[in-house]
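Subject: Structure handover

Hello,

Here is the structure I promised to pass on. Please open it next to this message as you read.

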Amino acid sequence: MTTTQELTAGLDDLPYNVFAKVCPSRGTLEHVTGRWGALTLGALYEGSLRFNELRRRVDGVSEKMLSQTLHALERDGLVHREAQPTNPPRVDYELTPLGRGVAERLLALIHFVEGSMDDVLAARERYDAARA
C-alpha cells in the first residue's frame with residue numbers, strides 16, 4: 001500500500017502547496033474539481049464546442065453556472081475562448097495544452113469512479129442497512 005509520505009515525496013520542493021490556505025493553487029484546484037469544472041473539462045476533451053453544445057453535453061448545468069465555470073477555467077489558462085466575428089457571433093471553447101493535461105487526469109479519475117460504481121453502490125447499501 002502506498003503511504004501519504006510516498007505520494008507526497010518531493011512536493012516540499014515545489015513553490016506551491018495546495019494544503020496551505022493562502023496558496024493560489026487551491027483556487028485552481030477548486031475550479032478543476034468542482035462538479036461543473038470537472039464535467040466541463042471532460043466534455044471539452046472531446047474537442048471544441050460552442051456554448052450551447054457544451055451546455056447540452058454537461059447535462060443539468062445552468063447557463064449562468066456554465067458561464068461562470070468557463071470564465072474561471074479561462075482565467076486559469078485551462079480553456080481558450082474564441083469569438084468569431086460572424087452574424088450572429090460564434091463563440092467556441094477548447095482546452096489549452098494545460099487544460100488537456102488536467103482533463104486527461106480528471107478523465108482517468110472519472111473512468112475509475114464509473115468502473116467502481118457497483119462497489120460504491122454495494123457499500124452504500126451496507127452503510128444504510130447498518131444505520132437503519
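Below is what I found, going from the overall layout to the sheet, the salt bridges and the helices.

**Overall layout**

Please keep in mind that this is a predicted model. The protein chain carries seven helices and three strands. Read from the N terminus, the order of elements is α-α-α-β-α-α-β-β-α-α. The protein chain has 132 residues, and 25% of them count as buried. Its exposed area is about 9800 Å², with 54% supplied by carbon and sulfur atoms. I also looked at contacts between residues at least 6 apart in sequence: 43% of these join residues at least 24 apart.

**The sheet**

The three strands make an open sheet, ordered S1-S3-S2, with antiparallel pairing. Strand S1 (49-50) and S2 are the edge strands, each with a single partner, so one side of each has no neighbour in the sheet.

The S1 to S3 pairing is antiparallel and rests on two bridges. Here Arg-50 stands opposite Asp-92 of S3. S2 and S3 are also antiparallel, and six bridges pair them. Asp-92 appears again on this side, as the bridge partner of Glu-82. Asp-92 is therefore a good residue to select when you look at the sheet: it faces Arg-50 and is also the partner of Glu-82.

S2 and S3 are joined by a hairpin of five residues. Pro-88 sits in that loop, between strand S2 (79-84) and S3. The peptide bond leading into Pro-88 from Asn-87 is cis, with omega near 0°. For context, most peptide bonds are trans. Check that your preparation script keeps the Asn-87 to Pro-88 bond as cis.

**Salt bridges**

How many salt bridges are there? The count comes to three.

- Arg-57 and Glu-46 meet through their side chains, at 2.7 Å from N to O. Arg-57 belongs to helix H4 (residues 51-57) and Glu-46 to the loop between H3 and S1, so this pair ties together parts eleven residues apart in sequence. Arg-57 is partly exposed, at 45% relative accessibility. Glu-46 is exposed, with a relative accessible area of 58%.
- Arg-55 pairs with Glu-63, and their closest N and O atoms are 3.7 Å apart. Arg-55 is partly exposed at 32%. Glu-63 is partly exposed too, at 46% relative accessibility.
- Arg-90 and Asp-92 meet at 3.0 Å, N to O. Arg-90 is partly exposed, at 34% relative accessibility.

Is Asp-92 buried or exposed? Its relative accessibility is 12%, under the 20% cut-off, so Asp-92 counts as buried.

**Helices H3 and H6**

Helix H3 is mostly covered, with eight of its ten residues buried. Those residues are Trp-36, Gly-37, Ala-38, Thr-40, Leu-41, Gly-42, Ala-43 and Leu-44.

Helix H6 (residues 97-115) has 19 residues. From first C-alpha to last, H6 reaches 27 Å, close to the 27 Å expected at 1.5 Å a residue. Which residues of H6 are buried? They are Gly-99, Gly-101, Ala-103, Leu-106 and Leu-107. And what do they pack against? The buried residues of H6 have helix H2 (25-33), helix H3 (35-44) and strand S3 (90-95) as their packing partners. As background, an α-helix has 3.6 residues a turn, so residues three or four places apart point the same way.

H6 also contributes to the surface. Leu-109 is found in this helix. Together with Phe-112 and Val-113, Leu-109 makes a nonpolar surface patch of about 310 Å².

**Where to look**

A short viewing list:

- Asp-92, for its salt bridge with Arg-90 and its place opposite Arg-50.
- The cis bond from Asn-87 to Pro-88.
- The patch of Leu-109, Phe-112 and Val-113.

Best wishes

Terms used: Residues are numbered from 1 along each chain as its sequence is written. This is a predicted model: local features need pLDDT of at least 70, side-chain atom pairs count only at pLDDT 80 or more; totals for chains, interfaces and linings use all residues. Side-chain values use heavy atoms; hydrogens and water are left out. Helices (H or I, at least four residues) and strands (E, at least two) are DSSP runs, numbered from the N terminus. The expected span of a helix is 1.5 Å times one less than its number of residues. Buried means under 20% relative accessible area, exposed over 50%, partly exposed in between (1.4 Å probe, protein chains only). Contact means heavy atoms within 4.5 Å. Patches are made of residues with over 30% relative accessible area and no salt bridge: like charges are joined within 9 Å, nonpolar side chains (Val, Leu, Ile, Met, Phe, Trp, Tyr) within 5 Å. Accessible areas come from the Shrake-Rupley method with a 1.4 Å probe; for residues, only the protein chains shown count as cover. A salt bridge is a side-chain nitrogen of Lys or Arg within 4 Å of a carboxyl oxygen of Asp or Glu. Two strands pair if DSSP finds at least two bridges between them.
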